[in-house]
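Visitor: I am new to this structure and would like a short tour. Could we begin with how far to trust it?

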Amino acid sequence: RVNNMYLMVLITPELLQGTNLCTGFKSPDASKLEYSHYVKYIEERFPQETPQMFWLHPNAEVGFLTNQGISTFKTISDISGGG
């Protein structure tokens, strides 16, 4: 209930009108779109996620992907009986 109250009070249509949801991606006018169209707009036009979108260094993704690859290959090795 507390979360719903925060959402009702703090997240208003005026808050999102014309603001950047992320770098280079403005929020569409919610009053002109139904919810399903709003979601479709975001899904189709949202830019590719980059570390800079989250205020990270451009190379931050390299470390994450390296760790993800190591974890994936370890899982494959464990499942196949090689580990």
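Guide: This is a predicted model, and pLDDT is the predictor's confidence in each residue, from 0 to 100.

Visitor: Which elements have the lowest and the highest mean pLDDT?

Guide: Helix 2 (residues 13-16) has the lowest mean pLDDT among the elements of the chain, at 72, and helix 4 (residues 60-80) has the highest, at 91. The chain as a whole averages 83, with 98% of the residues scoring at least 70.

Visitor: And why care about low values?

Guide: Where pLDDT is low, the predicted coordinates should not be read in detail.

Visitor: Back to helix 4. Which side chains meet in a salt bridge?

Guide: Those of Lys74 and Asp78, at 3.0 Å from N to O. Both residues lie in helix 4, four residues apart, which is about one turn of the helix. The structure holds one salt bridge.

Visitor: New topic: which residues make the nonpolar surface patch?

Guide: Val2, Met5, Tyr6, Leu7, Met8, Val9, Leu10, Ile11 and Leu15 make this patch of about 940 Å².

Visitor: Where does the largest share come from?

Guide: Helix 1 (residues 2-10) supplies it, with seven residues. Tyr6 is in helix 1.

Visitor: What volume does the largest pocket have, and what lines it?

Guide: Its volume is about 160 Å³. The lining consists of Glu49, Thr50, Pro51, Phe54, Leu56, Ala60, Glu61, Phe64 and Leu65.

Visitor: How many of those are nonpolar, polar or charged?

Guide: The lining has six nonpolar residues, one polar residue and two charged residues.

Methods:
Residues are numbered from 1 along each chain as its sequence is written. This is a predicted model: local features need pLDDT of at least 70, side-chain atom pairs count only at pLDDT 80 or more; totals for chains, interfaces and linings use all residues. Side-chain values use heavy atoms; hydrogens and water are left out. Patches are made of residues with over 30% relative accessible area and no salt bridge: like charges are joined within 9 Å, nonpolar side chains (Val, Leu, Ile, Met, Phe, Trp, Tyr) within 5 Å. Accessible areas come from the Shrake-Rupley method with a 1.4 Å probe; for residues, only the protein chains shown count as cover. A salt bridge is a side-chain nitrogen of Lys or Arg within 4 Å of a carboxyl oxygen of Asp or Glu. Helices (H or I, at least four residues) and strands (E, at least two) are DSSP runs, numbered from the N terminus. On a 1 Å grid over the protein atoms alone, a cavity is a set of points where a 1.4 Å probe fits but cannot get out, and a pocket is an open set with protein on both sides within 12 Å along at least five of seven lines; lining residues have an atom within 4 Å of a point. Grid points are joined across faces, edges and corners, and a volume is the space filled by probe spheres set on the points. Ala, Val, Leu, Ile, Met, Phe, Trp, Tyr, Cys and Pro count as nonpolar, Asp, Glu, Lys and Arg as charged, and the others, Gly among them, as polar.
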